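Student: I've got a model open and I'd like to learn how to read it. Could you walk me through a helix first, and then what lies around it?

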Amino acid sequence: MKLLRDTWLIFQRQMLLVLRNPVWVVIGILQPLYFLLLFGPLLKDALHAPTAADAYRFFVPGLLVMLAMFGSMFVGFGLIAELRAGVIERSRVTPVSRLALMLGRSLRDVATLIAQAVLITVLAIPFGLTVRVGDVLLAYLMLGLIGVMLSAASNALALKLRSEDALAPLMNGVAQPLLLLSGILLPLTGWVATVADFNPFSWAVDASRALFAGDPGDNSVWQALLILGALTVLTLFWSARSFARSVR
Amino acid sequence: MIETKSLRKSFRSRQGRETKTVEAVRGVDLFVSEGEIFGFLGPNGAGKTTTLRMLATLIEPDGGEATIAGADLRRNSGEVRRRIGYVAQGGSTWDEVSAREELVLHARMYGIGKAEAQQRAVRALDAFQLTEYADRKCKTYSGGQRRRVDIALGVIHDPKVVFLDEPTTGLDPQSRAHMWDEIRRLRAEGMTIFVTTHYLEEADALCDRLAIMDYGEIVAEGTPDELKREVAGDVVTVGLNGSTPEAAQMLDSESYVNKLETVEGGLRLYVDQGATAIPQILRKIDGAGIHLGTIELHRPSLDDVFLEKTGRSLRES
């Protein structure tokens, strides 16, 4: 119970900080928004889709996965700033749960992510996006798993590196290939598709597309949830351990 | 209240390809009694902060033992955390949050309920004269105000012991004097205070007892007066208009004079306690009918102590 209470405490403070200075939430939403407005219109011809609406039904589910990835991978920068400000050390001398220090922050990232995802989904409706409520909720659950996993990983790396100069190139170096190998922008073919099978986010994109196509029974859905669920649990263990160690 | 036995900590640092082990703290034995302000004096890099962070459960010692407020540091760090407060050197607040919000959250991290936390915050704001700015964001505070918030946070849960790491570094003289008053107030409330500093005046004016640390070891320990006496006692300078040789001969045989030097225009006497020596010197000189011009008492400073113990001046290091 102490863990839940402490997690809620940290989550509340982190949400307060997000709401007081929402600039990063806005920046996080700009990238998918640009893609929606400036890249989406090209897809009908590029994909030889029968209608523009068909192209958006293919593109937006992937865009949401991209939002989840990029929104969560860089949260470690905030933690480094907090380390520098001394607020982490101040938390450490209290008996507050170490796991809660991590979970409270990850929950913040999931909450902002879902808010951003809802906004992008709603904005895509005028372009012809259609989806059932149950399916979209399942898709959001998957986004949430991605958010928890990447935010925990980013925070664990931030604790290890403790410097923006080290974290930025690492995160960018990982983020770009993960994006290109996920099939978000274009359908994957040839050897790139084979390599992409090892990218969990490529599975997430397939599942997201199946859900937005109204096909929750598709194999890709349970496969993606299983893969992401397992990876999320593993990452949480790793991050919790690194919090427990360096935040003894 | 605090007792440590051969507390040790070393760090590995890499310089190019070589890894060097730096022994930051090399066996520290300390005893701090309940209700005292205990000072930890030493130059930067002496190992003060490392010792403090070990005692505050932030880093694990490599060896040695410590008991803090009755709890064992190594076996029961959770209990130590509940009984101590810690105020770091570099600040501890979020910019976008107010002092009141910070105090409430911090109290709640100690497991205190919401209503009680809010009441404590009100009391702490009042005690540290922060009520006026209570609901402004921390980024708008002055250095002294921020420091007061840091300390208010450190004691929000009524700890038995509070560790303050260089609480006055970077403050102007007025804020520093103000901070000393706050620290004395905490002692009056029954807290034991462990404070590090590299200011001699601060150690002298504020601390009941202190330890001098250098290169990871404690080189001297005692009250500021004891430490200064240990070095050379006091120095009394007597200004005489002539008759210096007679006065010198006469005073040299007195038992309370440890050493005597003839200087221009008078004598310099090294005594154990200036306060009791001066009347005796006065009587002696007066009784011999020698005309006394001036008499001055110098106390050795803590810098003299540091110089004696380490061979360096604290002001240089």
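Tutor: Sure, and keep in mind that this is a predicted model. Start by sorting a helix's residues by burial. In H1 of chain A, the buried ones are A:Asp6, A:Thr7, A:Leu9, A:Ile10, A:Arg13 and A:Gln14.

Student: Why do the buried residues of H1(A) line one face of the helix?

Tutor: Look down the axis: the buried residues of H1(A) fall within an arc of 160 degrees, so they line one face. Now turn to the face pointing away from that buried side, where you'll find the exposed residues A:Leu4 and A:Leu19.

Student: What covers the buried residues of H1(A)?

Tutor: For that, you check contacts, across chains too. The cover includes helix H6 (98-124) of chain A, along with helix H3 (99-109) of chain B.

Student: And how do I check the helix length?

Tutor: Compare an expected span with the model. Helix H1 of chain A covers residues 2-20, so its 19 residues at 1.5 Å a residue should span 27 Å, and its end C-alpha atoms are indeed 27 Å apart.

Student: How many residues does each chain bring to the contact?

Tutor: Chain A brings 18 residues and chain B brings 22 residues. On the chain B side, the elements giving two or more residues are helix H2 (77-83) and H3. By type, that side of chain B splits into ten nonpolar, seven polar and five charged residues.

Student: Which domains is chain B divided into?

Tutor: Domain 1 (2-226) and domain 2 (234-299), by the domain assignment. Their centres, taken over C-alpha atoms, are separated by 45 Å.

Notes:
Residues numbered from 1 in each chain as written. Chains lettered and ligands numbered in written order. Predicted model: local features only at pLDDT ≥ 70, side-chain atom pairs only at ≥ 80, totals over all residues. Helix = DSSP H or I, 4+ residues; strand = E, 2+ residues; numbered from the N terminus. Expected span 1.5 Å × (residues − 1). Buried ≥ 20, exposed ≤ 12 C-beta atoms within 10 Å, placed from the backbone. Arc of directions from axis to C-beta. Contact = placed C-beta atoms within 7 Å. Nonpolar A, V, L, I, M, F, W, Y, C, P; charged D, E, K, R; others polar. Domains from an automatic or database assignment.
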